[in-house]
Amino acid sequence: MRNAREFNFDGLVGPSHNYAGLSFGNVASFNNVRSASNPRQAALQGLAKMRALAARGFAQALLPPQARPNFRLLRRLGFSGTDADVLAQAYRESPVILACAYSAAPMWTANAATVSPSADTADGRVHFTAANLNNKLHRAEEHVQATRTLRALFANTDRFVVHDPLPSTPAFGDEGAANHTRFASSHGAAGVEFFVYGRVEFDPSAPAPTKYPARQTLEASQAVARLHGLDAARTVFAAQNPDVIDQGVFHNDVIAVGNGNVLFYHEQAFADETATLDALRRALGTTGTDLRAVRVDTGIVPVADAVASYLFNSQLLSKPDGGMALVVPHECRETPTVARYLEQMVASGGPIDELIEFDLRQSMRNGGGPACLRLRVALTDEEAAAMHQGVLMTEDLYARLVPWVERHYRDRVEPKDLADPQLAIECAAALEDLERILGLPGLYDLS
């Protein structure tokens, strides 16, 4: 077993952060459709979270925002002329498509990729597969820049493999790490990789939701496991409860989160709770580790309260000095059932002994909490040294990014602003400046 740390790569919110309400099945996103957003506040809230966790000794980095608007998408869909003409025509003829081209969703980097650390893979390298996100138009092209970014950050092919996304068809709907969890005695030890899916493409008789779409397929999860060279004895696939998908649990990370040997989950999370826990215990047993399951009963926290507060869309972190901390949004304190439960849980003497709370309202209003905002990457010391260092959160980087945000970001964006050519110009200028700050020239294709 080698020494390793888990790095959380938080998405840096982009300068066009807006509330388009594009994600059917995501209750928070839908509830705030077409309201005014504050990109500057959103970015500063995210940076404050990154800085605070880095100061606590957690390994913290960022993933840069994607270029918006996506002019390539707009032109492929028949909008033509100058950039200003394209924006005006799209706003006039299909404002929904324009909103898709301006989607803020890449900030939720839990959907950027699935990651398997070198301790789990057959070739001893860290494997990434960018998620195709093909269930939604506004996310279906994110994998292009996500793959480009991951290959820029993890360019050493002796230590890292960045796979192309799976085929962009319904059979291989892949939403990345939002439906993937890893359990292990430590970040450097061989672990169990846990994939949760919402439907089975090649078995129409398998249970599936009826109101909202199931975005992750079993077939996609199995393909990622094959690509990453995972050991079948330490890989578990489980069906998400279709009833909770229909209650707004669009990803598993809205109803469960894991870390180390701890699974923190709602009793309605899985289609077959007993079989899922048994499978995890068997797999972890092959590594000499026991599963610690922290179950939240429906009678204590209803699913609706879990979704509204994003109790489970939290980060469960191993503290540098021992124990585990749960990173939660303010909304958990403001939801009475959740606040009572968390107070009792921390006092219970269980594995989760601390709460760390952040104001992430701009992200929460758009449908993403602390867990959505980060991609977990377990790296050995040698692998950490081999990645691009310019995205590691330090006091120096924070001190450079705050004035960058204040210089380039608006404090208000409304739906009508997406037709403003000046907003597109401002976004491009911000990213050109960011390439220099992060030491990533050519990260974006802004031509």
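Author: On a 1 Å grid over the protein atoms alone, a cavity is a set of points where a 1.4 Å probe fits but cannot get out. This is a predicted model, in which local features need pLDDT of at least 70 and side-chain atom pairs count only at pLDDT 80 or more, while totals for chains, interfaces and linings use all residues. Residues are numbered from 1 along each chain as its sequence is written, and side-chain values use heavy atoms, with hydrogens and water left out.

Reader: How many cavities of 30 Å³ or more does this rule give?

Author: The count comes to 8 cavities of 30 Å³ or more.

Reader: What is the volume of the second largest cavity, and what makes a residue part of its lining?

Author: The second largest cavity has about 140 Å³, a volume being the space filled by probe spheres set on grid points that are joined across faces, edges and corners. A lining residue has an atom within 4 Å of a point. For the second largest cavity 16 residues meet this, and Leu63, Gln66, Pro106, Ala112 and Ala146 are the closest to its centre. Helix H6 gives the largest share of this lining, 6 residues; helices (H or I, at least four residues) and strands (E, at least two) are DSSP runs, numbered from the N terminus.

Reader: How does the lining of the second largest cavity divide by class?

Author: Ala, Val, Leu, Ile, Met, Phe, Trp, Tyr, Cys and Pro count as nonpolar, Asp, Glu, Lys and Arg as charged, and the others, Gly among them, as polar. On that basis the lining of the second largest cavity has 9 nonpolar, 6 polar and 1 charged residues.

Reader: Why is a space called a pocket rather than a cavity?

Author: A pocket is an open set of points, with protein on both sides within 12 Å along at least five of seven lines. The largest pocket holds about 710 Å³ of space. Its lining has 34 residues, with Ala67, Pro69, Asn70, Phe71 and Asp445 nearest the centre. Helices H3 (71-76), H4 (83-93), H5 (95-101), H6 (142-153) and H16 (421-438) are the elements that each give two or more residues to this lining. H16 gives the most, with 6 residues. By class, the lining of the largest pocket has 19 nonpolar, 5 polar and 10 charged residues.

Reader: Which elements give two or more residues to the lining of the second largest pocket?

Author: The second largest pocket has about 550 Å³. It is lined by 34 residues, the closest to its centre being Arg5, Glu6, His187, Asn259 and Ser318. The elements in question are strands E1 (4-11), E3 (113-116), E6 (180-183), E9 (256-259), E12 (315-318) and E15 (374-380). E15 gives the most, with 5 residues. The classes here are 15 nonpolar, 13 polar and 6 charged.

Reader: What makes E10 a mostly covered strand?

Author: Buried means under 20% relative accessible area (1.4 Å probe, protein chains only). In E10, residues 262-266, 5 of the 5 residues are buried. Val262, Phe264 and His266 lie on one side of the strand and Leu263 and Tyr265 on the other. In a regular strand the side chains alternate between the two faces of the sheet.

Reader: How do you know which strands pair with E10?

Author: Two strands pair if DSSP finds at least two bridges between them. E9 and E10 have 4, in the antiparallel sense, with Phe264 the bridge partner of Val257. E10 and E11 (residues 292-296) run parallel over 5 bridges, so both cases meet the rule of at least two.

Reader: Why is a crossover called right-handed?

Author: With the strands pointing away from the viewer, the path from the first strand over the helix to the second runs clockwise. In E11, Arg292 is the bridge partner of Val262. The β-α-β crossover from E10 through helix H9 (residues 273-285) to E11 is right-handed.

Reader: What makes the pairing of the E3-E4-E5 sheet mixed, and why do E3 and E5 stand at the edges?

Author: E3 and E4 pair in the antiparallel sense over 4 bridges, whereas E4 and E5 (residues 160-163) are joined by 4 bridges and run parallel. The chain goes from E4 through H6 to E5 in a right-handed β-α-β crossover. The 3 strands form an open sheet. E3 and E5 each have a single partner strand, so one side of each is left without a neighbour in the sheet.

Notes
Buried < 20%, exposed > 50% of the residue type's maximum accessible area, 1.4 Å probe, protein only.
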